[in-house]
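Q: Before any label is accepted, let us ask what stands behind it, setting each value against the definition that it has to meet.

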Amino acid sequence: MLLQRACGLDLGTDTIKIRDKSGKKFLYSRNVIALRDNGSVLAYGDAAYGVYEKQPLTVNVVWPMANGVIANLTEMDILLDNLIHRYGGASSLLIAVPTEITQVEKRAFFQVMKGQIQAGRIRLLEKGLADAVSASLPVLSSRGHMVVNIGADTTEISVISSGKVILGQTLKTGGRRMDADIATMVRRKFNLSIGQKTAESLKNNLAFMINGPRLEQKVFGIHTLSGLPKSEVIPSLAVSVAIIDTVDSIVESINSIYNRIPPQLMKDISREGIYLSGGVSMILNLPEYIRREIGIPLHHVQDPKYSTIRGLVEVMNNKDLKALTYTLNDLAAMR
């Protein structure tokens, strides 16, 4: 019999994070599944990511999430079933969801778990609130707070006061857009076609803002003229320049939301600053770049890659914060 426990679940486009209420048991996995033509599972999670961009035509590699929501319900159900069983089971779940999604998209988060956990044992929490709790912000107070989470496929901008996201925006822009920028740059400048995994490696290892070390990385791809395998050495400056337009579009959106904040809350945020989280925020000097562009204090939360899941665990352990969450019945009443 599976060990049952209350767990937090952060379903990101790129990764899945599961942590129990005690914070001691943790699972981190790529959010991807590899299926054979007959529909059987070849691999899931990290093993499926190893197959990605190498798979034969008889294997389909699927990323069940897109733009922060569940895009492939069947594949997501199979993947979560495998991961939660590997984790050791769960008696209840608190799931982080983007702020700006539809009722149908919210219902999908309940539906994907209905075969494993009773609907009444599943609660949702807006990602901005989870990040704010993780940053030790007094989310139930009437003070204004602003949190930005830059993830793989989306950037979540949230203005919080009195336990609610009063102003928010989910941008369909994040680390994967930067990966695409890098792949385009390598193709145009070096006549080399590379995959998303290689572009992501270049971003993680070389990208910087403002100033950074002049590093380089050797990559392999297909030469666009000869069609033959070829290697090139890519410098960090070229990678960093490639992502600047995407970074600037994120900064522009942050600034736009900030300028729409009600005056009584803007005073709080201008004094307190913006809190930055998410795995992509770890690009060298990115927090400093955003601070310079916007002109108010900016705080990079501790261990930003795990900010959301850390906030979920804190909410599960604080009965006062339960009011921030909602169930399927609550969702129906919101209509």
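A: Helices, of at least four residues, and strands, of at least two, are DSSP runs numbered from the N terminus, and with that settled the pockets of this predicted model can be described element by element.

Q: Which elements each supply at least two residues of the lining of the second largest pocket?
A: E1, strand E9 (92-97) and helix H11 (307-316) do so, and the largest share, three residues, comes from E9. The pocket has a volume of about 310 Å³. Of the 15 residues that line the second largest pocket, those closest to its centre are Ser92, Leu94, Arg123, Met316 and Lys322. Divided by class, the lining of the second largest pocket holds six nonpolar, four polar and five charged residues.

Q: What makes up the lining of the largest pocket?
A: The largest pocket is lined by 42 residues, and Gly151, Ala152, Gly279, Val280 and Lys305 lie nearest its centre. Among the elements that give two or more residues to this lining are strand E1 (6-11), strand E11 (145-150), helix H5 (175-190) and helix H6 (196-206), with H6 giving the most, six residues. The space in the largest pocket comes to about 720 Å³, and its lining divides by class into 15 nonpolar, 15 polar and 12 charged residues.

Q: Why is Arg123 called partly exposed?
A: Partly exposed is the class between under 20%, which is buried, and over 50%, which is exposed, and Arg123 has a relative accessibility of 21%, so Arg123 counts as partly exposed. Arg123 is found in strand E10 (residues 122-126), and its C-alpha atom is separated by 30 Å from that of Pro262, 139 residues apart along the chain.

Q: Why does Ala96, in strand E9, fall in the class that it does?
A: The relative accessible area of Ala96 is 2%, and buried means under 20%, so Ala96 is buried. The C-alpha atoms of Ala96 and Ala183, which are 87 residues apart along the chain, are separated by 30 Å.

Q: Is Ser281 buried or exposed, and what does its side chain reach?
A: With 0% relative accessibility, Ser281 counts as buried, and its place is in the loop between strand E17 (274-277) and helix H10 (286-294). The side chain of Ser281 reaches the backbone oxygen of Gly278 at 2.6 Å. A polar contact requires a pair of N or O atoms within 3.5 Å, and the side chain of Ser281 makes such a contact with the side chain of His300, at 2.8 Å.

Q: How do you know that the span of helix H8 (residues 244-258) agrees with its number of residues?
A: The expected span is 1.5 Å times one less than the number of residues, which for the 15 residues of H8 gives 21 Å, and the end C-alpha atoms are 21 Å apart, so the two agree.

Q: Where do the buried residues of H8 fall around its axis?
A: The buried residues of H8 are Thr246, Val247, Ile250, Val251, Ser253, Ile254, Ile257 and Tyr258. Seen down the axis of H8, they fall within an arc of 160 degrees, so they line one face of the helix, while Asp245 and Glu252 are exposed on the other side of H8.

Q: What can be said in the same terms of helix H2 (residues 73-87)?
A: H2 has 15 residues and reaches 20 Å from its first C-alpha to its last, close to the 21 Å expected. Its buried residues are Glu75, Met76, Leu79, Leu80, Leu83, Ile84 and Tyr87, and seen down the axis of H2 they fall within an arc of 150 degrees, so they line one face of the helix. Just after H2, Gly88 takes a positive phi of about 120 degrees.

Q: What makes the phi values of Ser162 and Asp303 worth stating?
A: Most residues other than glycine have a negative phi. Phi of Ser162 is near 55 degrees, a positive value, and Asp303 has a positive phi of about 50 degrees although it is not a glycine. Ser162 lies in the loop between strand E12 (155-161) and strand E13 (164-171), and Asp303 in the loop between strand E18 (298-300) and H11. Ser162 is partly exposed, with a relative accessible area of 42%, and Asp303, at 40% relative accessibility, also counts as partly exposed.

Note on methods: Residues are numbered from 1 along each chain as its sequence is written. This is a predicted model: local features need pLDDT of at least 70, side-chain atom pairs count only at pLDDT 80 or more; totals for chains, interfaces and linings use all residues. Side-chain values use heavy atoms; hydrogens and water are left out. On a 1 Å grid over the protein atoms alone, a cavity is a set of points where a 1.4 Å probe fits but cannot get out, and a pocket is an open set with protein on both sides within 12 Å along at least five of seven lines; lining residues have an atom within 4 Å of a point. Grid points are joined across faces, edges and corners, and a volume is the space filled by probe spheres set on the points. Ala, Val, Leu, Ile, Met, Phe, Trp, Tyr, Cys and Pro count as nonpolar, Asp, Glu, Lys and Arg as charged, and the others, Gly among them, as polar. Buried means under 20% relative accessible area, exposed over 50%, partly exposed in between (1.4 Å probe, protein chains only). The arc is that of the directions from the helix axis to the C-beta atoms. A polar contact is a pair of N or O atoms within 3.5 Å; within protein, one must be able to donate a hydrogen and the other to accept it, and residues adjacent in sequence count only if both atoms are side-chain atoms.
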